[in-house]
Amino acid sequence: MSPVQSSVILTSVIVLSSLVSVAYSALPSQFKLCSRNDPKVEQCIISAVDHIRKNLAEGDFGEGFDVPKLEPLYVEQMKMQRGQDFQAVFNKVNVYGASTFKIDRLQSKPSNLSFDLVTSIPKLNFTGKYSLKMKLLFLELQGKGDIKGMLTNTKLSIKIRGYTETNKSAANGTATNGTATNGTATNGTDSKQYVRFNRLGIRLKIEGGRFQLDNLFNGDPVLGQVGNQVINDNSRLFLDELIPGLERNLSRLFTEIVNNLLRTATIDEMFPEKV
């Protein structure tokens, strides 16, 4: 569902920011670097993220940096389908409360590009549009309209594993006749070690939620009230039905995003030996 997807999206943005904030090859002035040899590198990374919390909320890192803001976090569209029993589309979703995130635990081995994070957000409010067809207990839910609600105690465990590779062409795409214009490569190759990530492992837990779906059953007021009551009386079942597919799909999606964001980042830029 859209609210659950949105919570994963914003938490993934937070996780990505914890990497990007110490990794981007052209760093905004607000970003802090962490040495890969720092014995307290986890504390450094958490501090680096906290340092840019306001910037993340506003999406403001100055000219030349296009970063989506967390307040509110906007999701244009998300689609889900599992056979004929579950089909959902959510559009124009705004999520509020993302900037209150906390990194509860971080284990990292920067030299091996290995990171294990647990992040949490106490409360998220959301509004948007939905189209839904699914079965919950005895009721065949279907409808299309406005959706709003709240999620409590969203927690996300994320396993990130990376590797380095040497690009076959200059990282900035400016190689000409086999020679990079920045002088770092010849014969169309680049000796720098660029960072790439394998598929992110994601596990999602949401303690509870409240939902209001307008226009269930084509606007029938009695059935609509019954439908919303069934959803909210069984919110645990409602969430548990959705989470496994979300974990798989969003793992793939955000692996693509992080690799795209860090496509020009080298290991020395992400975590230099000294800062």
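How many helices and how many strands does the protein chain have? Hi everyone, let's start right there: there are six helices and nine strands in the protein chain. Please keep in mind, as I go through this, that we are looking at a predicted model.

First, the overall picture. The protein chain has 275 residues, and 49% of them count as buried. On the outside, the chain exposes about 13700 Å², with carbon and sulfur atoms supplying 48% of that area. Then there are the contacts. If you take those in the protein chain with a separation of 6 or more, 72% are between residues 24 or more positions apart.

Now to the charged side chains. The structure holds 10 salt bridges, and I'd like to walk you through a few of them.

Let me begin with Asp-268 and Arg-36. These two form a salt bridge in which the closest N and O atoms are 3.1 Å apart. Asp-268 sits in helix α6, residues 267–270, while Arg-36 is in the loop between α1 (2–20) and α2 (41–51), so this pair ties together parts that are 232 residues apart in sequence. Are the two partners buried or exposed? Arg-36 is buried, at 17% relative accessible area, because the cut-off for buried is under 20%. Asp-268, on the other hand, counts as partly exposed, with 45% relative accessibility.

The second pair is Lys-54 with Glu-58. Their side chains meet in a salt bridge at 2.9 Å, N to O. Both belong to helix α3, residues 53–58, and since they are four residues apart there, about one helical turn separates them. For those of you thinking about what solvent can reach, Lys-54 counts as exposed at 58% relative accessibility, and Glu-58 is partly exposed at 42%.

For the third pair, let's move to the strands. Asp-116 and Arg-161 form a salt bridge, with 3.2 Å between the closest N and O atoms. Asp-116 lies in strand β4 (residues 114–136) and Arg-161 in strand β5 (residues 139–166), so here the pair ties together parts 45 residues apart in sequence. Arg-161 is partly exposed, with a relative accessible area of 28%. And back to our earlier pair for a moment: Arg-36, Asp-268 and Glu-273 are joined into one network by salt bridges that share partners.

Let me finish with the backbone, where a few spots deserve a look on your screens. Which peptide bond is cis? The one from Glu-71 to Pro-72 is, with omega near -15 degrees. You'll find Pro-72 in the loop between α3 and β1, the strand that spans 73–82.

Next come two residues with positive phi. Leu-137 has phi near 55 degrees, a positive value in a residue other than glycine. Leu-137 is in the loop between β4 and β5, which are the strands that hold Asp-116 and Arg-161. Leu-137 counts as partly exposed, with 45% relative accessibility.

Asn-218 is not a glycine either, and its phi is positive at about 55 degrees. Where does Asn-218 sit? Its place is in the loop between β9 (201–213) and α4 (221–233). With 76% relative accessibility, Asn-218 counts as exposed.

So that's the tour, from the overall chain through the salt bridges to the backbone. Thanks for listening, everyone!

Technical notes:
Residues are numbered from 1 along each chain as its sequence is written. This is a predicted model: local features need pLDDT of at least 70, side-chain atom pairs count only at pLDDT 80 or more; totals for chains, interfaces and linings use all residues. Side-chain values use heavy atoms; hydrogens and water are left out. Buried means under 20% relative accessible area, exposed over 50%, partly exposed in between (1.4 Å probe, protein chains only). Contact means heavy atoms within 4.5 Å. Accessible areas come from the Shrake-Rupley method with a 1.4 Å probe; for residues, only the protein chains shown count as cover. A salt bridge is a side-chain nitrogen of Lys or Arg within 4 Å of a carboxyl oxygen of Asp or Glu.
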